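Trainee: I would like a close look at one helix pair and how it packs. Please take me through it step by step.

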Amino acid sequence: MKALINVIAVSVFALFASMQAYADDSGHIAEALEHAGKAHAHGEDGHAKVLLKHAKESLEHAKQAAKAHGDSKAHVEEGIKHLEDAIKHAEMGHADVATGHVDEAIKHLHESIH
């Protein structure tokens with residue numbers, strides 16, 4: 001009986017731990033999308049420096065999500081690649097090209113949660 005209780009306790013703990021990991025992951029995706037949206041808006045206005053700031057924030061959250069993301073990790077990693085490209089172009093002052101990469105990152109990050 002004691003062994004059964006231990007198995008149940010471990011199972012419940014594992015369930016809650018996995019739920020917390022999923023919640024943390026979803027939180028990072030949400031933060032990545034929020035900053036990517038801000039990067040897009042500033043890119044549309046031609047503000048490469050502000051786009052750069054938000055793209056970097058988005059990238060950090062996307063990387064955190066990639067560490068814990070399961071089934072849709074490929075989408076997160078593709079989003080990361082586009083954010084990195086957006087950052088490179090924003091650093092060169094190419095707001096229009098950077099905005100295109102941010103848009104692609106947003107598409108992939110959205111796909112990672114569906």
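Mentor: What follows is a walk through one helix pair, then the core, then a single residue. Keep in mind that this model is predicted.

Start with the geometry. The axes of α2 and α3 come within 9 Å. They cross at roughly 155°. Angles over 145 degrees count as roughly antiparallel, so α2 is roughly antiparallel to α3. The crossing of α2 past α3 is left-handed.

Now the contact itself. From α2 come A48, L51, L52, A55, K56, S58, L59, A62, K63 and A66. α3 answers with K73, V76, I80, L83, E84, A86, I87, A90 and E91. By character, the residues of this contact split into 13 nonpolar, five charged and one polar.

Next, the core. The largest nonpolar core holds 23 residues. Those with the most contacts inside it are I29, L51, A62, V76, I80, V102 and L109. Four helices each give two or more residues to this core: α1 (2–44), α2 (48–68), α3 (73–91) and α4 (95–112). The biggest share is from α2, with seven residues. Note the overlap with the helix pair: L51 and A62 of α2, and V76 and I80 of α3, also belong to the contact between these helices.

Last, one residue of α3. D85 sits in that helix. Its relative accessibility is 28%, so D85 counts as partly exposed. The partly exposed class lies between under 20% and over 50%. Along the chain, D85 and T99 are 14 residues apart. Their C-alpha atoms are separated by 9.9 Å.

Key:
Residues numbered from 1 in each chain as written. Predicted model: local features only at pLDDT ≥ 70, side-chain atom pairs only at ≥ 80, totals over all residues. Heavy atoms only, no water. Core = buried A, V, L, I, M, F, W, Y, C linked by side-chain atoms within 4.5 Å. Buried < 20%, exposed > 50% of the residue type's maximum accessible area, 1.4 Å probe, protein only. Axes fitted to C-alpha atoms, helices over the stretch in contact; angles between N-to-C directions. Parallel < 35°, antiparallel > 145°, perpendicular 65-115°, else oblique. Left-handed = near helix turned anticlockwise from the far one by under 90°. Contact = heavy atoms within 4.5 Å. Nonpolar A, V, L, I, M, F, W, Y, C, P; charged D, E, K, R; others polar.
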